[in-house]
Amino acid sequence: MLQLPGFRPAGGTPPSLKGPRLDLLSSPLSAPGQHALTEEQAAVLDAVRSGVSVFYTGSAGTGKSVLLQRIVGMLPPDRTVVSASTGVAACQIGGQTLHSFAGVGDGSGGIERCVSRAASRPAVAEAWRRCRHLVIDEISMVDAEFFDCLDVVARTLRRSREPFGGIQLVLCGDFLQLPPVKPSDAKGRRFAFESSAWQRAVKATLQLRQVHRQADRKFVDLLTHIRYGRCEPRHSEMLRSTRRNLDESSANSDKDIVATQLCTHKRQVEAINQHQLRLLPTESVNFVAKDSMPAGLNSLLPSVPEKIELKIGAQVMLTRNLDLARGLVNGARGVVTGFSSERGSGPGWPVVRFVGGHERIVDQHEFAARVAGAEMPVIRRQVPLQLAWAISVHKSQGMTLDACRLYVSEAFEAGQVYVALSRCRSLESLSVANWDASCVRADERVLNFYRQLRECSG
Ligand SMILES: Nc1ncnc2c1ncn2[C@@H]1O[C@H](COP(=O)(O)OP(=O)(O)OP(=O)(O)O)[C@@H](O)[C@H]1O
């Protein structure tokens, strides 16, 4: 593991990690149903405990999200804001989007406008003042301008000159995966690590090296090359040879559960899912969310639909962890086999048979979003399922999939092909259509950032 307390791209003095230790909740390295943390994961936990602002990174499947959940469980809930750059990621960690916490709208109009927007909303200002630990997942999708803006908002509202007004940051992500969505022009885009706030605030940078998602060394080697934007002829050969992988049967023994298609564009995803749903001869059953407030949850919980239409035979995917021991985790795929009769007079909750054969009723689940300054989170109750004939590469970031077909020849972002390829555990469980090595891209500045990380670690 690379441990770089006080890493500074331009050189600098590593500050000590021996700050005042925090009075944190207990943090067992493993509890029933949880993975035991590896040494390198435990070292990140220690860095967070020391009280300094931490950025930890690592390639796909190194357990960043698993670790983040452990970190969140360790921090005091009343003083901790758990956030992520996207709605999907926020939902996965039971947090809120960074934009919603910050209360600065879309961050447009310059820093002064952002500060006055946040300051004029008492609940937002109070949330900034109460916060001691700010967790940000998928940091690669936060742009530098917004990160600098948050720093000024924090310092102003907290009346402190310290970076982020003295808030401890816990930043998690992989800059070689998806970049910030805005600005859409890749040249005008700056990453969070390029901001001046990052240079001042982040005191410890740690890198996880042990990949848990894939065991096959050849596949891990291929993924490592693609992550750095390189695709050698032998890699193209390996990927082309997957073309017919899932033709004969599905990757699992259950013929009713077909491989998920990963597409680069949302319009392709919607078209495929709706087309496949319409083809099923069975009757539609709609699940309408129950919300704790009359309106506004669609924007607070964008990844939890207000209405989900299902049919017997529909391919679905879990959007929440239900049972780690049985592998029923976010991203687990299955097929709707019926609707239970346990729901009173209605058609009942969906019954889903998952890959591996386990069948269970999937009833509604609480999805919570925190609203800046509000005591209680807002709640949406909905079945934790989405249609899964196809999903977008952007939505798949963070998931582990057991089988997928990739349609990435129209990839338009650096890191997009890497995210798609790294969702599966093995080369045998994926099939790549029309492989074109020119769609593999990594951003030069990100490559440089990681090069410097490596050099700093000796
Ligand atoms: N300490 C561990 N021991 C065993 N398995 C682990 C451990 N940590 C993580 N895993 C497993 O590795 C897989 C990937 O974990 P996780 O999704 O947290 O990785 P990640 O780094 O967040 O990946 P991504 O960057 O793709 O989001 C999961 O199946 C998870 O259960």
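Which residue has a polar side-chain atom that lies 2.9 Å from an oxygen atom of the ligand? That residue is arginine 213, and the ligand site is a good place to start.

## Ground rules

This is a predicted model, where local features need pLDDT of at least 70 and side-chain atom pairs count only at pLDDT 80 or more, while totals for chains, interfaces and linings use all residues. Residues are numbered from 1 along each chain as its sequence is written, and side-chain values use heavy atoms, with hydrogens and water left out.

## The ligand and its shell

Going round the ligand, you'll count 19 residues, and the closest are His35, Gln41, Lys64, Ser65 and Arg423. To be near the ligand, a residue must have one of its heavy atoms within 4 Å of it. By class, that shell has three nonpolar, twelve polar and four charged residues. The bookkeeping is this: Ala, Val, Leu, Ile, Met, Phe, Trp, Tyr, Cys and Pro count as nonpolar, Asp, Glu, Lys and Arg as charged, and the others, Gly among them, as polar. Helix H2 (residues 64–74) gives the most to the shell, with three residues. As for naming, helices (H or I, at least four residues) and strands (E, at least two) are DSSP runs, numbered from the N terminus.

Where does the ligand lie with respect to domain 1 and domain 2? Domain 1 (39–212 + 445–456) and domain 2 (243–365 + 383–439) both give residues to the shell, so the ligand lies between them. Those bounds come from an automatic or database domain assignment.

## Polar contacts to ligand oxygen

Besides arginine 213, glutamine 177 has a polar side-chain atom 3.0 Å from an oxygen atom of the ligand. Glycine 63 uses its backbone instead: one of its polar backbone atoms is 3.1 Å from a ligand oxygen. A polar contact here is a pair of N or O atoms within 3.5 Å; within protein, one must be able to donate a hydrogen and the other to accept it, and residues adjacent in sequence count only if both atoms are side-chain atoms. The protein covers 86% of the 630 Å² of accessible area that the ligand has on its own. Areas come from the Shrake-Rupley method with a 1.4 Å probe, and for residues only the protein chains shown count as cover.

## Threonine 62 and the E2–E7 pair

Threonine 62 is found in the loop between E2 and H2. Its relative accessible area is 0%, so threonine 62 is buried (under 20% is buried, over 50% exposed, partly exposed in between; 1.4 Å probe, protein chains only). A polar atom of its side chain lies 2.7 Å from the backbone oxygen of serine 59.

Strand E2 (residues 54–58) pairs with E7 in the parallel sense over five bridges, and phenylalanine 55 stands opposite threonine 205 in E7. For two strands to pair, DSSP has to find at least two bridges between them. Why is strand E7 (residues 204–208) largely enclosed by the rest of the structure? Because five of its five residues are buried. Ala204, Leu206 and Leu208 cover one side, with Thr205 and Gln207 on the other, and all are buried.

## A three-stranded open sheet

Another sheet has three strands in the order E10-E17-E16, open and with antiparallel pairing. Its edges are strand E10 (290–291) and strand E16 (365–369), each pairing on one side only. E10 and strand E17 (residues 378–382) share two bridges: lysine 290 stands opposite arginine 381, and aspartate 291 has arginine 380 as its bridge partner. Five bridges join E16 to E17, with alanine 369 opposite valine 378. E17 is mostly covered, since four of its five residues are buried.

## Two loop residues with positive phi

Arginine 159 has a positive phi of about 45 degrees although it is not a glycine. You'll find arginine 159 in the loop between helix H7 (144–157) and strand E6 (168–172), exposed at 77% relative accessible area.

Asparagine 434 also has a positive phi of about 45 degrees without being a glycine. The loop for asparagine 434 runs between strand E21 (430–432) and H15, and the residue is exposed, with a relative accessible area of 58%. In helix H15 (residues 444–456) itself sits valine 446, which is buried at 1% relative accessible area.
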